[in-house]
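Okay, thanks for having me, everyone. I'll put the sequence and the structure up, and then we can walk around together.

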Amino acid sequence: MKSSTAIAHPNFALIKYWGKSNISGNIPAMSSLAITLNTMTSETTVSFPNNLEQDTWILNGVEQTSLGQIQSPCDYLKKISLINQPYLIESTNNFPTAAGLASSASGIASLVTALDSALETKLSSQQMVEVAILGSGSAARSLFSGFVHLEVIEDNLKCATILEADEWPLNVIVCVTSTNRKTISSRQGMEISKTTSPIYKDWVNNHQEDIKLAIQAIEAKNFHQLGKIAEQNCLKMHKVMKTSQPPIDYWNPATYACVKNVKDMQKKGIPVFFTIDAGPQVKIICEPDVSKDVMSVMENLPGLKSIIKSNLGRGARIIHE
C-alpha cells in the first residue's frame, strides 16, 4: 500500500455563498468567486499502517475522536476504491484552524487529493469537485489556482480557474484578529440564517448579478470595480448573518478597526479593498506596489494577533508518494 502527501491552500471568496440548497449533498445555495493563496498551507498524508484497526484522523498532532467533517468524502472514496484496509490521515495547517481562515477548504482539498492518489481512484477534475464539496462547500475552490469560479446551477456544480495567479498578481494581507475557534461553525450559521433571516431570500435571488459584475472586473483587471462589488457582497453576507435569530456576529473590535483603516487608505487613493468570511479575520487585497504601505499601516493596529502577507497561488497537488 502506498502513502501519499498532498498540499492545498485556503481560498477567500470575493463573491461569497452563505447557505445550502441541499444539506445532504452539502450543495451551496449559490455560486461563488474566490482567490487561492500561496502562503498558508494545509498538508495531508494518507498511509496504511499494518497495526491500524480503524480509519484514524490526526489533526495538528491531535488524534480526533471521529472523522467528523471529512467522513463523507472519505466514505465516498473508499466505497469506489478497491482498498478496504484502514488508513491513517495526518493533517497539519500552518495557520489557525477553524478560526475563519478557510482551513476546512484547504484541509479537505488536500485530503481529497491525497486520498485519490493513495486509494488509486483516479478521479476526474469534475469528480474531485463533487467529492470535495461533500466535506466543505468551499473546498472545491482550493483544488484550483488563482481566481476561481464555483458555479452552482441547482445541484450541478462546475469549478474552474478563470484567471491564473500570474496573469493578475495581486497581494493579500491577512489580518488575524483572533486565533480562537469560532463559537458558531459556518455550517451551523448557514442553516440558522436560511431559516431565520428576513433578508435571506433577497440575498440568494440577487446574488448572480454580483457574480456577473465580479467576473467582468476580473476579465478586465479592473481593480476598482472588483473591490467595490467584493466589499458590497461581503457586507451583504454579514448583514444576513446579523439579521438571523440568534444574530451571528463574527466581528471583534480589531475587525472593525481593520475595516476603518482600509476605508482611510481608500480615501487617500491607495488601491486596496477588504473582504471578511465567516470569522473575524480581515483579508486586504491590494496591488503589489502598495503592499508594503498597507503592511506598515496595519502593523500598529491594537488587537491584531498577526499579519500574513500572501500572493495568489496554486491549486491542490501531490508532493510525495
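So, Asn-261: which residues does it contact, once you set aside its neighbours within four places in sequence? You get Val-297, Met-298 and Leu-301. Just so we're clear, this is a predicted model. Asn-261 itself is in helix α8. Buried or exposed, then, for Asn-261? Its relative accessibility is 16%, and the cut-off for buried is under 20%, so Asn-261 counts as buried.

Staying with α8 for a moment, let's look at a pocket. Helix α8, residues 253-267, is one of the elements giving two or more residues to the lining of the second largest pocket, along with α7 (223-242) and strand β13 (272-275). The space in that pocket comes to about 220 Å³. There are 14 lining residues, and the ones closest to the centre are His-224, Gly-227, Lys-228, Gln-266 and Val-272. Which element puts in the largest share of the lining? That's α7, with 7 residues. As for chemistry, if you're thinking about what that lining looks like, it splits into 6 nonpolar, 5 polar and 3 charged residues.

Okay, over to the sheet. It's an open one with 6 strands, and if you read across it the order goes β8-β7-β9-β6-β1-β16, with mixed pairing. At the edges you have β8, residues 62-63, and β16, residues 317-320; each has a single partner strand, so one side of each is left without a neighbour in the sheet. Packed on this sheet is helix α2, residues 103-118, which touches β1, β6, β9 and β16. Its direction makes about 30 degrees with that of β6.

Now zoom in on β6 and β9. How do these two strands run, parallel or antiparallel? They're antiparallel, with 6 bridges joining β6, residues 42-47, to β9, residues 88-93. If you want one pair to click on, take Thr-44, whose bridge partner in β9 is Ser-91.

Last stop is Leu-52, which sits in the loop between β6 and β7. Not counting residues up to four places away in sequence, Leu-52 touches Pro-86, Tyr-87 and Leu-88. And Leu-88 brings us back to β9, since that strand covers residues 88-93. For a sense of scale, try Leu-52 against Asp-166: they're 114 residues apart in sequence, and C-alpha to C-alpha they're 43 Å apart in space.

That's my tour, happy to spin the model around if anyone wants another look.

Definitions and conventions: Residues are numbered from 1 along each chain as its sequence is written. This is a predicted model: local features need pLDDT of at least 70, side-chain atom pairs count only at pLDDT 80 or more; totals for chains, interfaces and linings use all residues. Side-chain values use heavy atoms; hydrogens and water are left out. Two strands pair if DSSP finds at least two bridges between them. Helices (H or I, at least four residues) and strands (E, at least two) are DSSP runs, numbered from the N terminus. Contact means heavy atoms within 4.5 Å. Axes are lines fitted to C-alpha atoms, for helices over the stretch in contact, and angles run from 0 to 180 degrees between N-to-C directions. On a 1 Å grid over the protein atoms alone, a cavity is a set of points where a 1.4 Å probe fits but cannot get out, and a pocket is an open set with protein on both sides within 12 Å along at least five of seven lines; lining residues have an atom within 4 Å of a point. Grid points are joined across faces, edges and corners, and a volume is the space filled by probe spheres set on the points. Ala, Val, Leu, Ile, Met, Phe, Trp, Tyr, Cys and Pro count as nonpolar, Asp, Glu, Lys and Arg as charged, and the others, Gly among them, as polar. Buried means under 20% relative accessible area, exposed over 50%, partly exposed in between (1.4 Å probe, protein chains only).
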